[in-house]
Amino acid sequence: MRVPLLVSGAITALFASALPAQAGPSSITDPPPDRIVIDIATVNGSGCPLGTAAIAVSEDNTAFTVTYSEYLAQVGGNSSPTAARRNCQLNLLVHVPQGFTYAIASADYRGYASLKPGASSTEKASYYFQGSPNTASRTHTFRGPYEDNWQATDNTDWAQLVWAPCGVQRNFNINTELRVNAGTSNPATTSYMTMDSTDGDISTIYHLAWKQCPAR
């Protein structure tokens, strides 16, 4: 499926050690004027059933925003034992304007958590290029009592940014995960964590950096 502005799925984040060493881009540059196009190879996971995730590309090509409508993990009460963990695996083909390459400087994750005293939750994100043996991961933990929106940011120093290879098309994979642990909380009560919201204002944002590829 190819979509220039809005698609079912989510988009990329790059961190150190995500790619093998190779000829890199030559200079820092402003975002290219042309639109980015995203092909989604696969979307799998209990946190993103078909049609429940969407991407929007920013007007200036510097960020992607991802929203989910059914990404929720919960424990306690009448919750199913399998509901304690939810994940979403996205395999993406990102088409960038000719002569440019991209990296992800940071990723902002947002949602809502209701954690009873003694309960805890984690948000984890893993990133890798197709064909690379290395996976970069970031994990953020929240502890009850907690009843509020949550936000977590994965940052990468400029010198450690990993750029998509110039002149080579590689699928990019993102695997996000929400996990809730009842801990010492009352098992009759429910604790949960979402990566979505009822009003659609809460989302995941990936911030891009751009460079020009070396002239051939």
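**Two disulfides in a predicted model**

Hi everyone, let me start with a twist: the link of Cys 166 and Cys 213 is left-handed, with -90 degrees about the S-S bond. Keep in mind that we are looking at a predicted model.

So where do these two cysteines sit? Cys 166 is in the loop between strand E12 (146–155) and strand E13 (172–181), while Cys 213 is in the segment after strand E15 (204–212). They are 47 residues apart, and the pair links distant parts of the chain. Their sulfur atoms are 2.2 Å apart, and we call this a disulfide because the cut-off is within 2.5 Å. As for Cys 213, its relative accessibility is 17%, so this residue counts as buried.

A quick reminder for anyone new to this: a disulfide is a covalent bond between the sulfur atoms of two cysteines.

How many disulfides are there? The count comes to two. The other one joins Cys 48 to Cys 88, with 2.1 Å between the sulfur atoms. This link is right-handed, at 95 degrees about the S-S bond. Cys 48 lies in the loop between strand E4 (37–44) and strand E5 (53–57), and Cys 88 lies in strand E8 (residues 85–95), so this bond ties together parts that are 40 residues apart in sequence.

Are these two buried or exposed? Cys 48 has 3% relative accessibility and counts as buried. Cys 88, at 0%, counts as buried too.

Last, the pairing pattern. If you number the bonded cysteines in sequence order, they pair 1-2, 3-4. Thanks for listening!

Notes. Residues numbered from 1 in each chain as written. Predicted model: local features only at pLDDT ≥ 70, side-chain atom pairs only at ≥ 80, totals over all residues. Heavy atoms only, no water. Helix = DSSP H or I, 4+ residues; strand = E, 2+ residues; numbered from the N terminus. Buried < 20%, exposed > 50% of the residue type's maximum accessible area, 1.4 Å probe, protein only.
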